[in-house]
Amino acid sequence: MDSRLRGQDVPVEHDSNEPWAQGGESSLTPAQLNLTRLFEQDQQRQQKNMPAKAAEQAPDGTAKGKPRLLLMGQRRSGKSSISSVVFHKLPPSETLFLESTARIQKDELPSFMDFQVWDFPGQIDIFENPTFDIDAMFGEIGALIWVIDAQDDYLEAVARLNVTILNLQRTYPNIKIEVFIHKVDGLSDDYKLDIQRDITIRIQDELSDNGFENAPVTFHLTSIYNHSIFEAFSKVIQKLIPRLGILEAMLTNLCRTCRFEKAYLFDVTSKIYIATDSAPADMTSYEICSDYIDVIIDVTEVYGSWPRSEKHREGLEGSPWNQKLEDQVASNWAESCMVLSDGNKPIILREVNKYLALVAIMKEDSYDKMPLVNINVEVVVQGLEEFFDITKPK
Ligand SMILES: Nc1nc2c(ncn2[C@@H]2O[C@H](COP(=O)(O)OP(=O)(O)OP(=O)(O)O)[C@@H](O)[C@H]2O)c(=O)[nH]1
């Protein structure tokens with residue numbers, strides 16, 4: 001959308017003499033310097049914890065420093081379906097036709113943090129197979145996602161998961177283990193909770209029998225047929241973001257200042273939310289915001305997206321506007337800073353960069369204050385850009 005459709009935007013002029021506009025170490029604001037220092041400390045700590053072998057080289061030449069998500073579990077538990085639905089937009093019903101994975105599928109996903117997803121074939125046991133370089137696999141920061149089919153007998157899956165956790169805990173105590181109790185669609189709420197309780201107890205008992213009391217294992221109830229899989233991935237990815245608290249604080253402040261009900265920072269392609277404000281997250285607001293992203297993407301696909309052709313640009317900059325496009329829109333990146341009314345609660349979407357978008361649900365009376373809201377959103381977006389600039393893997 002351009003500003004003619006939006007109407008309410010107040011473009012904020014930026015003084016190029018302002019410190020953050022210039023770049024360079026000496027021109028950083030105290031907040032930027034503080035974040036840079038904290039981030040460097042985090043990285044030094046992580047490098048100390050990394051096994052020497054993994055720190056030396058990346059397996060198969062993939063870029064280092066990219067967080068890696070490993071999808072493991074029994075055959076047909078739903079690993080490839082999860083990866084295809086979340087990261088490749090495959091409609092859930094089409095996963096019925098996916099073939100069994102024969103070799104490890106490595107997916108590099110260009111996104112705000114360029115992570116990789118490795119989909120393991122269900123029949124492979126990496127600890128029994130000497131050809132696997134375990135150090136290279138688990139040395140990088142990331143998470144192991146273990147998928148358990150809740151509609152099937154899960155005892156063997158739990159037993160294999162226990163062996164895997166015990167093996168990992170001895171060498172890589174920091175790796176996060178995320179258990180997806182999957183395919184819970186069609187199960188009653190009571191039954192879902194029973195299964196979750198049973199699996200949790202079986203794993204925790206085994207771990208404490210072996211002397212591991214506080215292993216970082218988290219459980220999620222998931223299905224590709226609703227938003228639960230995106231919600232679970234959001235939680236997994238959030239744990240990989242250094243200094244997530246700063247992002248949350250920014251969004252909480254924005255909600256307070258603009259009287260938003262809820263604000264999410266989304267990774268647009270996967271619709272994973274990578275941060276939200278401190279108000280309790282509820283599935284409904286997440287669903288509304290993520291569906292809204294779909295609407296915007298569909299509209300953008302129909303009416304053209306970045307980059308525009310020279311001719312299109314000339315048309316937009318010509319009469320009657322007679323202004324450069326950059327001067328007409330609030331953001332160089334955003335084509336979709338627009339407001340829709342949903343049940344009297346407008347929703348605002350503002351692109352942050354080509355991967356991220358800020359989506360917020362406003363309160364009923366906030367529509368009148370759009371110019372102020374836009375200015376505040378603009379400032380937060382700049383803060384977010386600076387955050388990701390400082391914390392991106394170097
Ligand atoms: N009901 C339901 N079925 C699912 C769900 N996720 C995946 N499936 C189905 O589970 C079957 C197996 O899915 P796959 O993704 O191929 O399983 P996999 O774990 O990758 O299997 P391997 O490659 O053999 O290890 C497919 O028929 C999917 O449609 C879910 O959330 N709910």
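This tour moves from the whole chain to one sheet, then to two helices, and ends at the ligand.

**The whole chain.** Begin with everything displayed, and keep in mind that the model is predicted. Colour the chain by secondary structure: 13 helices and eleven strands should appear. The chain has 394 residues, of which 34% count as buried. Consider next the contacts between residues at least 6 apart in sequence: 70% of them join residues at least 24 apart.

**The sheet.** Select the open sheet of six strands, whose order is 2-3-1-4-5-6 and whose pairing is mixed. Which strands stand at the edges? They are strand 2 (105–108) and strand 6 (217–221). Each has a single partner strand, so one side of each is left without a neighbour in the sheet. Turn the view to follow the twist, which averages 20° from one strand to the next.

Now select strand 5 (residues 176–182) together with strand 6. The two strands run parallel and are joined by five bridges. To look at a particular pair of residues, label V179 and its bridge partner in strand 6, F219.

**Helices on the sheet.** Add helix 6 (residues 155–171) to the selection; this helix packs on the sheet. Helix 6 touches strand 1 (68–73), strand 4 (142–149), strand 5 and strand 6, and its direction makes about 160° with that of strand 4. Then add helix 7 (residues 189–209), which lies across strand 4, strand 5 and strand 6. Relative to strand 6, helix 7 runs at about 165°.

**Where the two helices meet.** Hide the strands and keep helix 6 and helix 7. Their axes come within 10 Å and cross at roughly 35°, and the crossing is right-handed. Show the side chains of V158, L161, N162 and I165 in helix 6. From helix 7, the residues that meet them are I199, R202, I203, E206 and L207. By class, the residues of this contact divide into six nonpolar, one polar and two charged.

**The ligand.** Finally, select the ligand and the residues of its shell. How many residues surround the ligand? There are 21, and the closest are G78, S80, S81, T101 and G122. Highlight helix 4 (residues 79–88) as well: with three residues, helix 4 gives the most to this shell. Colouring the shell by class should show five nonpolar, eleven polar and five charged residues.

Notes. Residues numbered from 1 in each chain as written. Predicted model: local features only at pLDDT ≥ 70, side-chain atom pairs only at ≥ 80, totals over all residues. Helix = DSSP H or I, 4+ residues; strand = E, 2+ residues; numbered from the N terminus. Buried ≥ 20, exposed ≤ 12 C-beta atoms within 10 Å, placed from the backbone. Contact = placed C-beta atoms within 7 Å. Near = placed C-beta within 6 Å. Nonpolar A, V, L, I, M, F, W, Y, C, P; charged D, E, K, R; others polar. Pairing = 2+ DSSP bridges. Axes fitted to C-alpha atoms, helices over the stretch in contact; angles between N-to-C directions. Left-handed = near helix turned anticlockwise from the far one by under 90°.
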